[in-house]
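Colleague: I am new to this structure and would love a guided close look at one single part of it. Could you also tell me how far the model can be trusted along the way?

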Amino acid sequence: MKTVYICPDQFKKDNWTIAEVDDVCAFLQWQFEKFPEFARIYHKSVAPQNDVTPIDERGFRNLQALDGEFYVVIPPTEIATIVMWVVMAITAAFSIYTYMTMPKPQNQSPQSPNNDLASRQNQIRLNGRIPDIYGTLLSYPDLISVTYTFYNEEGIEVERSLLCIGRGYYQIHNMKDAETEVSDIPGTSISVYDPFTDITGTPIYKNGRTFTDTPMAVAISDSITGQVLDAPNRQQLESTDVYFTADGYIRLKSWSFVDEFQPNDKIMIRGASIGSKDFIFAGAIILKTNNTIVFESAEDILNLSYQNLSLNGALVGFDSVTDQVISIGQDSAIVQDSKIIYKDFSGIYTITNITKSTLTNGFQYTVALNAPNTKNPSWNYLAEDTSINSGLQLVNNDDAIYLDDTYTVEEVGGNYIKLADPVAVNVEWAQLTHLPNQSTESIELDITLDKLDPDASWVGWHNIFMDGAEFAYFNIHFPNGLYRQNSKGGTSTAWTTGLIQYQYIDADGTAIGQIYEVELGFTDQTRVPFGSTKIIELAARGSIRFRLCRTRTDMENNIQAEMRVKDVYLAKRSDKLNYGNMTVIQSEAVGNDGLYSIKERKLNCLVTRKLKVDGVGALTPTNSAEQALIDLALDEYIGRRSMNELDVVQMKAEVAKIIAYFKSDKAAEFSYTIDDPNLSFEEIAGMVASTVFCEPNRFGSKIQLQLEQPQENAVLLFNHRNKVPKSEKCTESWGVQNKYDGVEIEYTSPTDDTRIKYIASDKTNPTNLMSIKSTGIRNEAQAKTRAWREWNKIRYQETSVQFDALDESEILLRNDKIIVADNTSIETQDGEVVEVDGLVLVLSQDVVFEENQSHKVYLQLENSSVDMIDCFATEWTNEITLARPPQMPLVTEDGKYIKTTYQIVKAQEAELSAFMLTEMSPQGIMTNSLTAVNYTDKYYEKDHSFF
């Protein structure tokens, strides 16, 4: 306990106010709207060498660590800016519950989203405390590892997560993503596992597929934010007036090239296909073991003299043990499953011949390839005919001239461009000599000319670090689909390509060794957003640097092919299966088709903590406060107590008393997520107990609970015989403290876990409310009852008293009703009972009875209670006669622990001596410092209004 003196004038002590507090910083934060700029805080005495006014975080920690007396000295010029109350002790104003819910110095570790109601989403809380959930509440599980995404074979984004609900066991009532039940979300898979259970074992809750694999451990590149992969070309001209001549010229029938190109520019020709065009296809194909590819199409290809076939996105899954083909459709979501190895059959192959057969609805084409395994070694693994979805192109027809390529500009004239040795770039230029006039002037072509700048199209280099990385994942996204729009508004297949370059780096980011290249190919005919994941198995495990670009350049205006790099990350397989005493979730969520990325994750579930009954019984879902307190006390990391330090019988009896008093089980509930690593067990125990209107205490070596409720009898009587002389200070207050006109409590809704505010006040529109943010309350009756108790303790408090008491005070507990004689007044009549003769008591002091007044005497009994009896004068001034016998024999012998003391009061003033203990702290070897406020049953007048 710490004593704080607020000193508006350090030389006028009658203007000082005094407060007994646990936390000086929290008290001053509440005491002042803004701490006075020139105020100083002194420790022990007002002297320059004792100035402890904090100026930084270290100073605040030092201030909180100090004990004893503190003097806050405020220059007179600042008094008008200060909000103060005129009471003697802050501890006399409110219950311990108010302290448990008052603001404390901010916790530096991340708060659980269960408590952080402004930002309820799944997140990684680095260095945060694993949640300890008690009772029933809505849990937003924490992420254990970095969430990552990939695209399945349908091009839909899938997110993989590993999460933790909290320590211990839980009953799962439901599982939602935001407000939607996960069972109503297609493609979503959730499995929840009890503590000490493998995350590939039997879940206690399951929706969707069964997880037989563990999530990857990943390191995601922060440099990738969805950048567009631009084509390396910039269109400069599109016209049907362009034609080509065999001597290496590009000519115009009109227009001018001068403003579009300069010598040494790289120029790209698009649309210069004379004769048979390339055939583009996307859909089901069959890879056959005899080195052929079979596909069906409604289009009749008239000229089959193609030289090359190009495959894009041709992934085949193989069992890592048997090398047998695994149908991707049977395992569509597990592209990173360690039991499957994916081989990419994409590439450009040489065609031996093509045969065509007629079907009912089209044609079947069989394309024979010349030694495809020399172009792509994946063909060596193909032991059976395999059907997949892929993009396919037939290119380089013998009957066609293809001038599309990239050339260097040698000279630019008004209506011509001379190319630097175009035949060396593309031998097809030689074929122009066979055309009339060795020119394409008589052939109508829609030609596009682009200026090429390959270096400007790269995204990267970017470094990404991960020890032991096995794979590199590249997520490529097409937010508007991929298609070619024809003149009638329909769509046809479009395709594009890209390139990944990567290089290994050391711990300092220095590049090591060669640069590796991986080609990307994409073919589709869809307006729907989709994506593709390129997985690169790293030969050397470790960190890399990378860059990407789009290499396909023939992007006419009628092609939609916006291409973005959404994510890049390194990954390695995780062999961690068991997470000890934590309830863990494996989650796999499928993104909506219309989203660029999966939305902010808000996986949540209504849970109830399972606890061992009375600390030793079977695991049972419970909201009981005493079961929470027992579990907390026995927890090896929190209370670290043993069963012989808990009075379980007493706790259960006290909870039964709570339920009987309020006539509802709701009064004994506690539901809260404990996430602050700085909370001590004593603070947590106080939080739990105060939620159910109790105080925790230790009787002997055992922890108990004590219900705060109206008390008919007092526990002890204090008068001048058991107080330290001149230690008593009494303060009378006028009006409501701090001019509050009500109490506003914030509690958690039991229906949707939103925060609800309730006001207890006598006014219709109160304006100066004391605010309490409750912890552990999740029902309306409990919250409203608490609010009215706190409001009544503010408005009905009139007197506070502080004194040092002798050692019999050791039996007291907070909130005990006591009788305190006012020994600051000479009119107080108190002392010890010297002798007992029937109903006549011989007293240690003379007694004065006022005429026409009834009188009562308070008598301290040996059983730690106080009896109040009507009394009358006798012929002797030091004797009184009782109206009835005391409830038990009085103690007059020396040596007894509680000797009978007394106080005589006027009957109408009897209640003025009743007080409620609010704080007690050791003051000396045989004394305790006590603080108390006037006792009245009015504090509890609303206790039965809401349950």
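Modeller: Let's begin with confidence, since this is a predicted model. Among the elements of the protein chain, strand β10 (residues 169-172) has the highest mean pLDDT, 97, while helix α3 (residues 96-101) has the lowest, 50. Over residues 102-108 the pLDDT is below 50, and this stretch has twelve contacts in the model beyond near neighbours in sequence. Residues 593-597 also have a pLDDT below 50; beyond near neighbours in sequence, that stretch has 13 contacts in the model. For the protein chain, the mean pLDDT is 86, and 90% of the residues reach 70 or more.

Now for the close look: please find Gln503, which lies in strand β39 (residues 494-505). Is this residue, Gln503, buried or exposed? Gln503 counts as buried because its relative accessibility is 6%, and the cut-off for buried is under 20%.

Who surrounds it? Leaving out residues up to four places away in sequence, Gln503 touches Trp461, Ala511, Ile512, Gly513, Gln514, Ile515, Ser543, Ile544 and Arg545. Two of these names come back when you follow the side chain of Gln503. It reaches the backbone oxygen of Gly513 at 2.5 Å, and it makes a polar contact with the side chain of Arg545 at 2.8 Å.

One last pair to look for is Gln503 and Tyr516: they are 13 residues apart along the chain, and their C-alpha atoms are separated by 6.2 Å.

Technical notes
Residues are numbered from 1 along each chain as its sequence is written. This is a predicted model: local features need pLDDT of at least 70, side-chain atom pairs count only at pLDDT 80 or more; totals for chains, interfaces and linings use all residues. Side-chain values use heavy atoms; hydrogens and water are left out. Helices (H or I, at least four residues) and strands (E, at least two) are DSSP runs, numbered from the N terminus. Buried means under 20% relative accessible area, exposed over 50%, partly exposed in between (1.4 Å probe, protein chains only). Contact means heavy atoms within 4.5 Å. A polar contact is a pair of N or O atoms within 3.5 Å; within protein, one must be able to donate a hydrogen and the other to accept it, and residues adjacent in sequence count only if both atoms are side-chain atoms. pLDDT is the predictor's confidence in each residue, from 0 to 100.
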